[in-house]
Every structure is written in C-alpha cells, then in structure tokens.
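Biologist: Please take a close look at one part of this model for me. I would like to know what lies along it and how open it is.

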Amino acid sequence: MNFDKLKEQWNQESNEVSLPQNLDKIKEAHNPIDRVRKNMKFDLISQAVLTVLIGFVPYIKRNEWDFQSISIFALFYVLMVGFMIYYTLKFYRFYKQSYNLSYDSRKNLMWFAYELRLFIELYRALTFIMMFLGMALGLYFGMHFNTTGQDIFHLKDADFLKLFGVLFFMVAFLLGLVVIFMEFVINHYYGKYYKKIKNILNQLDEE
C-alpha cells in the first residue's frame, strides 16, 4: 500500500464507525501507536533543548568571534529556528490529534498511518534542511577561522584542485554518513512502527 493509495482509501472511508470482525488485529496496532507517540514526545523535547543550546555556541571562545562571524551565525540560527518552529508546529498538531481518537476502528487506524507517513516525510525534509544549513555554516567557519594562514582563493591551480578534490571527497563522505544515520534513526523511531501498522491494515483488507 503506497502513500497515495493510503490517503485515497482513508478519504473514501465512511464517517460511520465500523468495527471489523477481528478486533484483535486492531488492538495489535495500539502498541506501535503508543511507541510512536512516546518517541515523538521525546523528539520534540530534545529538539527544543538542542535548539536553545545551539544559540549559546558564540559564547564558546567568544573572544575569537568578530562582528562578521556573529552576524553569519545569527542569520543561520534564525533560519534554523524558523524551520524548526514551522515543522514542530506540524508535528505537535499530529501528536495532539493522535490523542483525540480511539483506535478501535479501521478508519482511525488509516488516519494515523497516513499522518505518520506524512510526519516521516516532513521529518526527513527537516533533517536534510538542517544538514545543509549545518554544512554551509561549518564551511564558512572553516574558512573564516582558517589558522593555516593560507588564502585558498589564491592557491596555485594544482594546489587548488587538490584541495577542492579533498574537500569534495570529505563533503560527499560526511553527507553519505549523515544520510545513512538519518535513515537509521527515522526507521528505528518511526519507520518500523509505520510498517507494523500498515501490515495490520493490509491484514484487515484481506479479511
């Protein structure tokens, strides 16, 4: 069952609450739903704390920060907080609404599965945005606080190509590691529970 099909079936469900014959199947979904909500609560709190802590980064070795570096950091921090607030409000809406439904019907299970799938896609998008903001900020500070005394924009062509090749390899390697780690985290905290709920819905469809 793909994402679009799930949404289509959920929209086509009657407003009447219809209890399937096999209620045990539906009850099996309560455990993954509870785990998802527990993980979401932990995620929301930890991200809020982490966002606040990042705001204190300029206080680390603050004597080395000049006006330009603080301005650049403030710009990235405002962007990061803006994206975090936008996505956190969406996550919080799903989290709160999930407590307003009783999961004793197929319709409500489909609603939760649809919203969880949407949540996972938004979570993945937010992680990518944060990753690119972090890499851009890291690249800036790497150049700004360059202690080697070398101006990379005035290196010889051969040295510049070598440096560019090394940087490209490092960025690609780090990007690959972050993506693998991100997918692992998403699957561990949300993806595997979505698959369990989807399997239960598939079994109900077959009955």
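**A close look at the helices and their surface**

Modeller: Start with Gly134, which sits in helix H5, residues 106-144. This is a predicted model. Gly134 has a relative accessible area of 41%. Buried would need under 20% and exposed over 50%, so Gly134 counts as partly exposed. Phe76 is 58 residues away from Gly134 along the chain. In space, the C-alpha atoms of Gly134 and Phe76 are separated by 8.4 Å.

Now move on to helix H6, residues 157-206. Leu177 lies in helix H6. Its relative accessibility is 43%. That value falls between the two cut-offs, so Leu177 is partly exposed. Leu177 also belongs to a nonpolar patch on the surface. Its partners there are Val166, Leu167, Phe169, Met170, Phe173 and Leu174. Together these residues make a patch of about 680 Å². Patch members must have over 30% relative accessible area, and Leu177 at 43% meets that cut-off.

Helix H6 also holds Lys192. Here the relative accessible area is 31%, so Lys192 too is partly exposed. The patch cut-off is over 30%, and Lys192 passes it. Lys192 is one of the residues in a surface patch of positive charge. Arg35, Lys38 and Lys196 gather there with Lys192. Two helices supply this patch: helix H3, residues 30-54, and helix H6. Each gives at least two of the positive residues.

How values were computed:
Residues are numbered from 1 along each chain as its sequence is written. This is a predicted model: local features need pLDDT of at least 70, side-chain atom pairs count only at pLDDT 80 or more; totals for chains, interfaces and linings use all residues. Side-chain values use heavy atoms; hydrogens and water are left out. Patches are made of residues with over 30% relative accessible area and no salt bridge: like charges are joined within 9 Å, nonpolar side chains (Val, Leu, Ile, Met, Phe, Trp, Tyr) within 5 Å. Accessible areas come from the Shrake-Rupley method with a 1.4 Å probe; for residues, only the protein chains shown count as cover. A salt bridge is a side-chain nitrogen of Lys or Arg within 4 Å of a carboxyl oxygen of Asp or Glu. Lys and Arg count as positive and Asp and Glu as negative; His and the chain ends are not counted. The place of a charge is taken as NZ of Lys, CZ of Arg, CG of Asp or CD of Glu. Helices (H or I, at least four residues) and strands (E, at least two) are DSSP runs, numbered from the N terminus. Buried means under 20% relative accessible area, exposed over 50%, partly exposed in between (1.4 Å probe, protein chains only).
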